[in-house]
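Please open the structure in your viewer and keep the selection panel at hand. The stops below are meant to be taken in order.

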Amino acid sequence: MEAHTEKSVIGFVGTGVMGKSMASHFIKAGYPVLVYTRSKEKAEELLAQGAVWKERVADLAGEANVIITMVGYPHDVEEVYLGEQGVIAHAKPGTYLIDMTTSKPSLAQRIYEEAKKHALHSLDAPVSGGDIGARDAKLTIMVGGDQEAFDAMAPLLRIMGTNVILQGGPGAGQHTKMCNQITIASNMIGVCEAISYAKKAGLDPTRVLDSIGAGAAGSWSLNNLAPRMIAGNYAPGFYIKHMIKDMSIALESAKEMGLLTPGLELAKSLYDEMAADGEENSGTQALIKWYERNQRP
């Protein structure tokens, strides 16, 4: 299939914080876009832009020849792809399936095998870059699957991202995303502790960021999320509940490989406390609240 032509009909499942922006780039690029999400209200903005609503995943799967999913949890991915009314049971032979949800590597491998039985092409392609990267089409996209399928879909993936790399066979994209989340998990602790230290020392944390963000301490989290922490802006670019999900998958995968990840375990314990305090729908930058609540006078 020639991917970068008017022949591509994009079916997009999941139009949340990131999925909405990702799907909109295809509409702007002139592709026919079919959408499905459990709450139609979440898709209203896309429908106003020209997307077509489908009542069931099965309906979408039967009409699209490229199906992209951006849902919440592994059990959602499993239902969307492997359920009786799911993608694999209803997609046309030759259709390309691209799961961009952060999910289990083992599930990505299972979907690949089932897709292959039905003459479908499957890629696992989780992303990094949050709401800003999704909005600006500058996502990092980590891909697992066959080289041929990657080559066919790369032009479409580059409509959503600027750093698109095939990491290996099925599941490799998800394993790479685990590396990403492990890095972020410990880094967020450092960002929160740096801001807390700056405030305790009587410094202007914004001026501190101007210095350390340009040096060796610089990172995406420091430069993009620390200003939100300082401003008290906890709106989700990425939900705490989803970060906990990702860390749980990473811990499970690491355990299966016999790998110790004490930094990841610490980060998850702090985020678990935040969720227990009712912050599960806040952005990950709300971790700073843990430090604010646990500081001595």
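Begin by selecting helices H9 and H13, which in this predicted model pack at an angle of about 65 degrees, with their axes 9 Å apart. The crossing of H9 and H13 is left-handed. To display the contact itself, pick Ile 182, Ala 185, Ser 186, Met 188 and Ile 189 on the H9 side, and on the H13 side the residues they meet, namely Gly 263, Leu 264, Leu 266, Ala 267, Leu 270 and Tyr 271. Coloured by residue class, the contact of H9 with H13 shows nine nonpolar residues and two polar ones, with no charged residue.

Keep H13 (residues 262-279) on screen and add helix H12 (residues 240-257), which packs with H13 at an angle of about 145 degrees, the two axes being 10 Å apart. Here, too, the view should show a crossing that is left-handed. From H12, select Ile 240, Met 243, Ile 244, Met 247, Ser 248, Ala 250 and Leu 251; across from them in H13 are Leu 264, Glu 265, Ala 267, Lys 268, Tyr 271, Asp 272, Met 274, Ala 275 and Glu 279. The residues of the contact of H12 with H13 divide into 11 nonpolar, one polar and four charged.

Return next to H9, which spans residues 172-200, and centre on Gln 181 within this helix. Is Gln 181 buried or exposed? Its relative accessibility is 3%, so Gln 181 counts as buried, the cut-off for that class being under 20%. Once its neighbours within four places in sequence are left aside, the residues in contact with Gln 181 are Phe 238, Met 243 and Asp 246.

Move along to Glu 193, which is also found in helix H9, and which is partly exposed, with a relative accessible area of 41%. Which side chain makes a polar contact with the side chain of Glu 193? Show Tyr 291, whose side chain makes that contact at 3.0 Å. Then add Ile 288, which is 95 residues from Glu 193 in sequence, although the two C-alpha atoms are 8.0 Å apart in space.

For the interior, select Met 22, Phe 26, Met 100 and Ile 141, the residues with the most contacts inside the largest nonpolar core, a set of 57 residues. Highlighting helix H8 (residues 147-160) then brings up the largest share of this core, nine residues. Apart from it lies another core, of 28 residues, which includes Val 191, Met 243, Ile 244 and Ala 267. Centring on Met 22 and not counting residues up to four places away in sequence, you will find that Met 22 touches Phe 12, Met 70, Met 100, Val 127, Ala 134, Leu 139 and Met 160.

The last stops are two alanines in loops. Select Ala 119, in the loop between helix H6 (105-117) and strand E6 (121-124), and inspect its backbone: phi is near 60 degrees, a positive value in a residue other than glycine. Ala 119 is partly exposed, its relative accessible area being 43%. Then go to Ala 137, in the loop between helix H7 (130-135) and strand E8 (139-144), where phi is likewise positive and near 60 degrees. What is the relative accessible area of Ala 137? The value is 16%, and Ala 137 is therefore buried.

Terms used
Residues are numbered from 1 along each chain as its sequence is written. This is a predicted model: local features need pLDDT of at least 70, side-chain atom pairs count only at pLDDT 80 or more; totals for chains, interfaces and linings use all residues. Side-chain values use heavy atoms; hydrogens and water are left out. Helices (H or I, at least four residues) and strands (E, at least two) are DSSP runs, numbered from the N terminus. Buried means under 20% relative accessible area, exposed over 50%, partly exposed in between (1.4 Å probe, protein chains only). Contact means heavy atoms within 4.5 Å. A nonpolar core is a set of buried Ala, Val, Leu, Ile, Met, Phe, Trp, Tyr and Cys residues joined through side-chain atoms within 4.5 Å. A polar contact is a pair of N or O atoms within 3.5 Å; within protein, one must be able to donate a hydrogen and the other to accept it, and residues adjacent in sequence count only if both atoms are side-chain atoms. Axes are lines fitted to C-alpha atoms, for helices over the stretch in contact, and angles run from 0 to 180 degrees between N-to-C directions. A crossing is left-handed if the near helix is turned anticlockwise from the far one by less than a right angle, and right-handed if clockwise. Ala, Val, Leu, Ile, Met, Phe, Trp, Tyr, Cys and Pro count as nonpolar, Asp, Glu, Lys and Arg as charged, and the others, Gly among them, as polar.
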